[in-house]
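User: I would like to go through this model piece by piece, beginning with single residues and ending with the sheet. Please give the cut-offs as the terms come up.

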Amino acid sequence: MTAIKVISFGYLHNTPPAAHITLDLRLFRDPHISPDLRHMTADDTPVQAAVLNTPGITDLIDATARAAAAYAAGPSAETVVVAAGCAGGRHRAPTVARAVAELLTAAGHTATTTHRDLHRPVVAR
């Protein structure tokens, strides 16, 4: 079975990584605007809850997992890459990346997650 790599990143830190599927999560509500969440990351439960309760996010996560699984079912032996990006790479992108990878793993796929910018400091905006 083809492996699937899910990468989270922040658009404000560098160019998006090369991927078969790229999600631009900047269209969704940013937890950064909340002073209580700004300095937290996707490692924190309040951030996860804020992102996963955003209207449309769970539908996007489900659709992305299905699309990645479809790519993985194809004839190529190449690793399928999914990239999820938000502004700073600390809230929306890593939360969504983890959720996509969890769905894929639960469905029997080999999915790994990498967070390119989760460790970076909060971007002043």
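User: In which helix is the place of Thr95?

Analyst: This is a predicted model, in which local features need pLDDT of at least 70 and side-chain atom pairs count only at pLDDT 80 or more, while totals for chains, interfaces and linings use all residues. Residues are numbered from 1 along each chain as its sequence is written, and side-chain values use heavy atoms, with hydrogens and water left out. Helices (H or I, at least four residues) and strands (E, at least two) are DSSP runs numbered from the N terminus, and on that basis the place of Thr95 is in helix α3.

User: Is Thr95 buried or exposed?

Analyst: The terms rest on relative accessible area, with buried meaning under 20%, exposed over 50% and partly exposed in between (1.4 Å probe, protein chains only). Contact means heavy atoms within 4.5 Å, and, leaving aside neighbours within four places in sequence, Thr95 is in contact with Ala42, Val47, Gln48, Val51 and Leu52. At 4% relative accessibility, Thr95 counts as buried.

User: Which residue has the backbone oxygen that the side chain of Thr95 reaches at 2.8 Å?

Analyst: A polar contact is a pair of N or O atoms within 3.5 Å; within protein, one must be able to donate a hydrogen and the other to accept it, and residues adjacent in sequence count only if both atoms are side-chain atoms. For the side chain of Thr95, the partner at 2.8 Å is the backbone oxygen of His91.

User: Where is the place of His91, and which residue has a backbone oxygen 3.1 Å from a polar atom of its side chain?

Analyst: His91 is placed in the loop between β3 and α3, and with 5% relative accessibility this residue counts as buried. Leaving aside neighbours within four places in sequence, the contacts of His91 include Asp30, His32, Met40, Val47 and Cys86. The backbone oxygen that lies 3.1 Å from a polar atom of the His91 side chain belongs to Leu37.

User: What is the relative accessible area of His32?

Analyst: His32 lies in the loop between β2 and α1, and its C-alpha atom is separated by 19 Å from that of Thr58, which is 26 residues apart along the chain. His32 is buried, with a relative accessible area of 9%.

User: How far apart are the end C-alpha atoms of α3?

Analyst: The expected span of a helix is 1.5 Å times one less than its number of residues. The 15 residues of α3 should therefore span 21 Å, and the end C-alpha atoms agree with this, being 21 Å apart.

User: Why are the buried residues of α2 on the same side of the helix, and what arc do they cover?

Analyst: In α2 (residues 57-72), which has 16 residues, the buried ones are Ile57, Ile61, Thr64, Ala65, Ala68, Ala69 and Ala72. The arc is that of the directions from the helix axis to the C-beta atoms; because these residues cover so narrow an arc around the axis, they are put on the same side of α2, and that arc is only 135 degrees.

User: Which residues are exposed on the other side of α2?

Analyst: The buried residues of α2 pack against β1 (4-10), β2 (21-24), α1 (45-52), β3 (80-86) and α3 (92-106). On the other side of α2, the exposed residues are Asp59, Arg66 and Ala70.

User: In what order do the strands form the sheet, and which stand at the edges?

Analyst: Two strands pair if DSSP finds at least two bridges between them, and here 4 strands form an open sheet with parallel pairing, in the order β2-β3-β1-β4. Each edge strand has a single partner, so one side of each is left without a neighbour in the sheet; these strands are β2 and β4 (111-115).

User: How many bridges join β1 to β3?

Analyst: β1 is mostly covered, 6 of its 7 residues being buried, and 5 bridges join β1 to β4 in parallel. Towards β3, the bridge partner of Lys5 is Val81, and Ile7 stands opposite Ala83. The strands β1 and β3 run parallel, and the number of bridges that join them is 7.
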